[in-house]
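Colleague: I am new to this structure and would like to learn how to read it feature by feature. Could you take me through it slowly, with the general idea before each case?

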Amino acid sequence: MSVDNMAQQSFLPLTWSDAMYLAPEWILIAFMIVLVVLDLALPRRSGRKVIGWLTLAGLLTSLGFVIGQVLDMNAGTEWPIRLLGDSYRIDAFGSLLKILFLSATALIVLMSIGTVKREDIPDKGEFYYLLLPAVTGAMMMASSGDMITLYVGLELLSITTYVLVGIRKHSVKSAEGAFKYVVTGGISSALLLFGMSYLYGLTGATNLGAIKDALLVQGAAGDIQELLYVSFFLMLAGFGIKIGAAPFHFWAPDVYQGAPTPITAFLAIVSKAAALAVLFRITFNVVFPLSNATDMYLSQDIFLTILVLAAAAMIVGTTSALRQRNAKRLMALSGVANAGYLLVPIGVSFKGLHMQNVGEFMFYLAAYILMNVGAFAVISVVSKATGHEELKGFAGLYYRAPWTAAAMIVFVLSLAGLPVTGGFFGKLFILLGAAQSQAYWIVAIMVVSSVISYYFYFGIIRQMFMRGGGDEAEVDMPATTGVVVWLCAVLTVALGIVPGPVIGWVNEHFSIIRDLFIMSP
Amino acid sequence: METVFTQYAWLIPLFPLAAFILLTSFGRSFKGLGVMVGSAASLASLVLALLVLFERMGEGVEDYQDGFKWLDLSTIQLNIGFEVTNLSALMLVIVTIVSLLVNVYSAGYMKSDERITVFYGYIALFTFSMLGLVLADNMLALYIFWELVGVCSFLLVGFWYQKPEARAAAKKAFIVTRIGDAGLLIAILLLFWYMPNHALDFVNIQNVFNEQTGTIAAGITTLIALLIFVGAVGKSGQFPLHVWLPDAMEGPTPISALIHAATMVAAGVYLVARTFDIFQASQAAMDVVAYVGAFTAIFAATIGVAQNDIKRILAFSTVSQLGYMMMALGLGSLTGGIFHLFTHAFFKALLFLGAGSVIHAVHTQNIHEMGGLGSRMRITAWTFGIGALALSGIPPLSGFWSKDAILNTALHENPVLFGVGVVAAFFTAFYMSRLFFLVFAGRPKGEKQAHDSSWTMTLPLIILAVLAVVTGFVETPWNNTLGTWLSGGTETTHTGGGLVMVISAAVGVLGIYLGWLMYVKGTIARDAVSSRMPWLLRLLERKYYIDELYQVVFVRGLRGLGLLLQAMDDFIIDGIVRCVGGAAVLLGRGGTRLQNGQVQTYGVITLLGLVILIVAIAGRRFW
């Protein structure tokens with residue numbers, strides 16, 4: 001179906017050939033339906049490991065299709081695929097993110113298969129297959145070019161994760177975390193919808209491309225600026241909650257602590273990254289083009305606000321973590337600081353000198369996924385061995401489980417941003433990008449917060465090496481979790497040794513004009 | 001010519017690396033693993049290195065370079081790669097041969113040591129680093145491996161860390177060589193700054209400095225060359241940074257043979273040879289290299305005469321011979337320097353391993369407590385004798401030919417340095433005959449029944465003895481194979497004809513004869529000189545008081561400076577740091593107080609944050 005017809009039709013059917021492009025999403029939904037039925041049919045007493053493996057299979061199949069699409073993208077001219085009048089786009093931006101989401105979720109599922117026990121989580125089947133709609137929601141967010149699909153994806157992701165956080169039914173902490181997450185998530189949705197409604201009211205459109213066009217026309221008049229400020233600030237606050245940027249992050253430590261560790265990892269990675277992706281798409285499509293309009297400070301102010309949020313997240317995240325004694329709360333605050341780093345490529349301006357914002361973003365996201373999944377996997381086996389999640393559980397880990405301790409060192413070095421790890425180059429690329437855009441103050445804050453963060457990251461290493469084992473609990477590393485830990489450790493180091501090819505590959509498959517900007521039909 | 005194996009030269013260092021990883025991972029559980037794994041890896045490297053060397057002997061073989069881009073930061077590109085030239089191919093073979101023989105030898109020498117697998121792990125790591133250093137195709141990669149070999153040397157010198165002397169020696173070795181490394185690092189930074197396109201690879205360096213187009217100013221060229229030489233001085237134990245090498249003899253003897261005689265200390269010479277184009281572009285730098293080398297050669301040789309510890313004598317001999325190599329390079333003879341490096345690696349490793357065999361048998365290192373070992377340790381005595389003759393420059397052993405090549409060059413370029421070289425050669429022959437006769441001739445002193453060691457220790461001695469005899473023939477007055485091959489046919493040695501040969505052989509024989517007269521025949525009293533000039537003996541025994549001088553000037557001086565700096569650090573820097581730290585803690589405490597677990601508080605903060613953002617950022621536009 002040609003693009004020209006599409007705009008004029010009031011009803012846009014989804015043809016079969018179009019639907020084929022959605023294969024990755026269909027597969028996940030199909031797997032979920034099958035697994036729901038299977039979970040019902042399986043006898044109550046039998047283990048639910050098979051559902052875990054099937055969930056993994058579904059994720060990997062979907063991942064295979066996405067990779068196929070990305071490899072196709074340089075071949076034909078018909079990319080990007082614009083479905084339903086640009087509400088759903090299959091482009092490199094979305095697809096590269098989908099690769100990251102699906103790989104991260106696959107790693108999380110694999111690590112859960114060994115560590116999740118029925119005494120802890122009564123509904124193990126649900127635990128696994130609810131991850132499928134959650135990641136589908138994240139994929140919708142990455143692909144959508146319209147506020148409606150975007151919001152539907154966001155809620156699909158949010159509602160399933162509310163359930164997942166509270167899935168340890170018999171744990172008070174889990175219930176408390178889930179409740180807080182629902183309430184904060186509700187605030188976030190309210191702010192977002194409120195902000196979006198202003199935008200719709202001002203432009204009469206929900207499609208990001210159409211909104212941009214309308215704003216460019218009306219922008220000359222200049223009398224809608226105040227309302228636009230309100231709209232964008234409301235949306236920023238809404239997304240700020242989802243990505244856990246200060247001062248909207250307070251829910252994170254409580255919720256991360258209450259959730260089962262694999263779900264904590266999922267929140268820290270997929271939820272955060274999906275919200276960042278949407279923010280990326282909106283700011284670059286709607287806010288950035290306004291920078292050319294006369295008499296409009298709006299664009300530069302919004303980008304400045306994003307950088308301010310980033311700076312606040314880095315400072316608050318690292319300083320609050322200094323006094324933290326609980327491993328998962330520490331990771332939550334580390335996640336706040338990392339949200340700040342990931343906001344920088346969105347917030348620094350995009351200009352002739354500096355055009356690789358997306359490459360920097362993707363690279364750091366990949367490194368962030370690897371080091372976080374790995375660290376959470378280690379935390380889950382260590383806390384299982386010691387029976388609590390305090391940092392002192394790591395005491396003397398090197399003498400009890402030297403290999404696990406070695407892998408943890410890799411993750412901690414990467415989190416702290418030291419060579420030779422993916423985290424180092426991720427931060428370096430973002431730092432160089434910010435320096436090229438002459439946003440030196442954010443560079444300074446990045447460096448200072450990194451240095452402060454050494455203190456608590458090295459606290460973990462100190463526990464592992466320099467303290468005698470407080471309790472001599474044997475650390476039992478299930479094979480599946482071990483595979484995840486080592487895969488993450490090796491890849492983290494690999495990203496640190498050969499960062500060039502990875503970022504080169506992203507830049508090669510990604511064209512900002514083709515893949516991020518939504519052109520008028 | 002088509003090359004087959006050269007493309008795979010990058011595999012050569014990887015065998016020892018694999019051995020290191022294997023030994024570190026599983027060494028604790030399998031005691032006997034070290035010898036097998038270490039030797040197998042060295043053997044694999046040696047075979048591949050030999051194949052590469054044979055391939056390079058063919059007609060018209062081009063230098064081979066390959067690698068990949070490691071980091072591309074738009075303006076700066078960092079590559080990791082390897083380059084095989086004739087020089088590096090030769091070095092690969094030297095390193096792998098000595099490494100293999102030392103691996104075998106250590107099976108006997110270190111047999112009763114608790115941490116033998118750790119020892120083999122370190123040797124493997126060292127071999128990997130040294131081969132990486134040789135193959136590196138750019139200065140940065142070379143520097144990384146340069147530091148790595150330094151670390152391995154530190155670990156191995158301090159291997160018996162229970163001994164306080166070993167700990168002190170390891171520390172000294174590390175710190176003194178660091179001084180040189182700092183020079184090298186500055187040289188690399190200067191190169192990075194001044195080279196077109198910030199290129200650091202040897203091919204580009206060669207092109208830029210060879211053309212003499214003035215791309216890089218003459219003053220800067222000299223500065224870079226001298227700073228590189230500072231690095232080489234540190235690593236190769238040249239005056240005035242030679243003080244660490246004799247102390248490094250606290251390490252196990254196989255290590256002294258491998259690291260502190262044959263390979264790592266020669267890395268300085270290799271570095272100068274590798275960047276020879278930079279040196280050739282600056283006459284001043286060449287002169288400095290030549291004079292420092294010549295001075296070191298005679299300076300260390302005279303100290304060697306008055307030492308009593310068998311390994312220390314050999315250590316000073318190494319310093320002196322490295323000085324010869326530097327002198328040759330400084331006089332413009334790449335072939336002479338590398339030729340001597342090549343022959344020296346074998347006969348000096350032989351001497352150290354032989355000394356190890358002696359120490360193993362009599363459990364002392366003082367040569368005055370030994371004697372008459374010749375009849376009991378036949379293999380050791382014979383092989384050691386061959387090594388000593390080679391070192392003394394007696395024809396037709398290898399040391400004669402390489403020393404002859406250097407003296408020939410010196411006679412043509414600078415007769416003063418020729419004289420220095422000849423005198424140093426005399427002292428060399430003298431201290432070696434003193435050492436040999438005191439240890440192997442005369443009457444036995446120890447009560448212990450000394451005897452030859454097991455075959456694992458004698459076999460490497462025999463192989464090295466053969467090499468010490470034959471390796472000299474690759475470059476003789478009637479056969480310029482090595483020179484043509486190394487320099488592409490532009491360089492000739494041995495042009496002096498018979499005169500130099502006669503002088504060189506004569507001083508060697510004279511030195512040995514004098515030693516024989518003093519220590520066997522007794523015609524000349526042993527204290528003939530020392531009784532008349534006791535101050536001279538003391539001066540030589542105390543190694544010209546260089547260590548004491550450094551102690552006073554640098555150690556004390558630095559300690560004073562350190563106190564001053566520490567005071568500054570405590571009050572000013574620390575104050576600032578404490579302020580920053582305090583601020584961070586305060587902020588964190590504030591954040592924790594807001595984190596009170598009440599979800600309604602979180603909601604309020606969220607809204608407050610939103611309002612503050614709007615007021616602060618949007619508000620300023622509308623006021």
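Modeller: Let us begin with a pair of helices in chain B, where α16(B) passes α19(B) in a left-handed crossing. Please keep in mind throughout that this is a predicted model.

Colleague: At what angle do α16(B) and α19(B) pack, and how far apart are their axes?

Modeller: In general, two packed helices are described by the angle between their axes together with the distance between those axes. Here α16(B) and helix α19 of chain B, which covers residues 455-470, pack at an angle of about 30 degrees, and their axes are 9 Å apart. Angles under 35 degrees count as roughly parallel, and α16(B) and α19(B) are therefore roughly parallel to each other.

Colleague: Which residues make the contact between α16(B) and α19(B)?

Modeller: From α16(B) come Ile379(B), Thr380(B), Thr383(B), Ile386(B) and Ala390(B), while α19(B) supplies Thr458(B), Leu461(B), Ile462(B), Ala465(B), Ala468(B) and Val469(B). Sorted by class, the residues in this contact of α16(B) with α19(B) are 8 nonpolar and 3 polar, with no charged residue.

Colleague: How should I read the packing of α16(A) and α22(A) in chain A?

Modeller: The same two quantities serve again: helix α16 of chain A (residues 357-386) and helix α22 of chain A (residues 499-509) pack at an angle of about 130 degrees, with 9 Å between their axes. That angle makes α16(A) oblique to α22(A), and the crossing in which α16(A) passes α22(A) is right-handed. On the side of α16(A) the contact is made by Gly359(A), Glu360(A), Met362(A) and Phe363(A), and on the side of α22(A) by Pro499(A), Val502(A), Ile503(A), Val506(A) and Asn507(A). These residues of the contact between α16(A) and α22(A) divide into 6 nonpolar, 2 polar and 1 charged.

Colleague: Moving on to the two chains together, how much area do chain B and chain A bury between them?

Modeller: The size of an interface is often given as the accessible area that is lost when the parts come together. For chain B and chain A this comes to about 3000 Å², of which 76% is on carbon and sulfur atoms. In chain B, the residues that lose the most area to chain A are Trp70(B), Gln595(B) and Arg621(B), which together account for 18% of what that side buries. Counted by residues, the contact takes 31 from chain B and 42 from chain A.

Colleague: How are α14(A) and α25(B) oriented to each other, parallel or antiparallel?

Modeller: Helix α14 of chain A (residues 298-321) and helix α25 of chain B (residues 599-622) pack at an angle of about 155 degrees, their axes being 11 Å apart. Angles over 145 degrees count as roughly antiparallel, and α14(A) and α25(B) are therefore roughly antiparallel to each other. Their crossing is right-handed. The contact brings Gln300(A), Asp301(A), Leu304(A), Thr305(A), Val308(A) and Leu309(A) of α14(A) together with Leu613(B), Ile617(B), Arg620(B) and Arg621(B) of α25(B). By class, the contact of α14(A) with α25(B) has 5 nonpolar, 2 polar and 3 charged residues.

Colleague: How many salt bridges are there between chain B and chain A, and how many does the structure hold over all chains?

Modeller: As a general idea, side chains of opposite charge can pair when their charged atoms come close. Between chain B and chain A the count is 0 salt bridges, whereas the structure holds 17 over all chains. One of the salt bridges is formed by the side chains of Arg274(B) and Glu83(B), at 2.9 Å from N to O. This pair links distant parts of the chain, with Arg274(B) in helix α11 of chain B (residues 267-274) and Glu83(B) in strand β2 of chain B (residues 76-84), 191 residues apart.

Colleague: Which peptide bonds are cis, and where do Pro247(A) and Pro396(B) lie?

Modeller: The bond from Ala246(A) to Pro247(A) is cis, with omega near 0 degrees, and Pro247(A) lies in the loop between α11 (225-243) and α12 (251-258) of chain A. The bond from Pro395(B) to Pro396(B) is also cis, with omega near 5 degrees, and Pro396(B) lies in the loop between α16 (378-392) and α17 (398-413) of chain B.

How values were computed. Residues are numbered from 1 along each chain as its sequence is written. Chains are lettered from A and ligands numbered from 1 in the order in which they are written. This is a predicted model: local features need pLDDT of at least 70, side-chain atom pairs count only at pLDDT 80 or more; totals for chains, interfaces and linings use all residues. Side-chain values use heavy atoms; hydrogens and water are left out. Axes are lines fitted to C-alpha atoms, for helices over the stretch in contact, and angles run from 0 to 180 degrees between N-to-C directions. Helices (H or I, at least four residues) and strands (E, at least two) are DSSP runs, numbered from the N terminus. Angles under 35 degrees count as roughly parallel, over 145 as roughly antiparallel, 65 to 115 as roughly perpendicular and the rest as oblique. A crossing is left-handed if the near helix is turned anticlockwise from the far one by less than a right angle, and right-handed if clockwise. Contact means heavy atoms within 4.5 Å. Ala, Val, Leu, Ile, Met, Phe, Trp, Tyr, Cys and Pro count as nonpolar, Asp, Glu, Lys and Arg as charged, and the others, Gly among them, as polar. Buried area is the accessible area (1.4 Å probe) that two parts lose on being put together, summed over both. A salt bridge is a side-chain nitrogen of Lys or Arg within 4 Å of a carboxyl oxygen of Asp or Glu.
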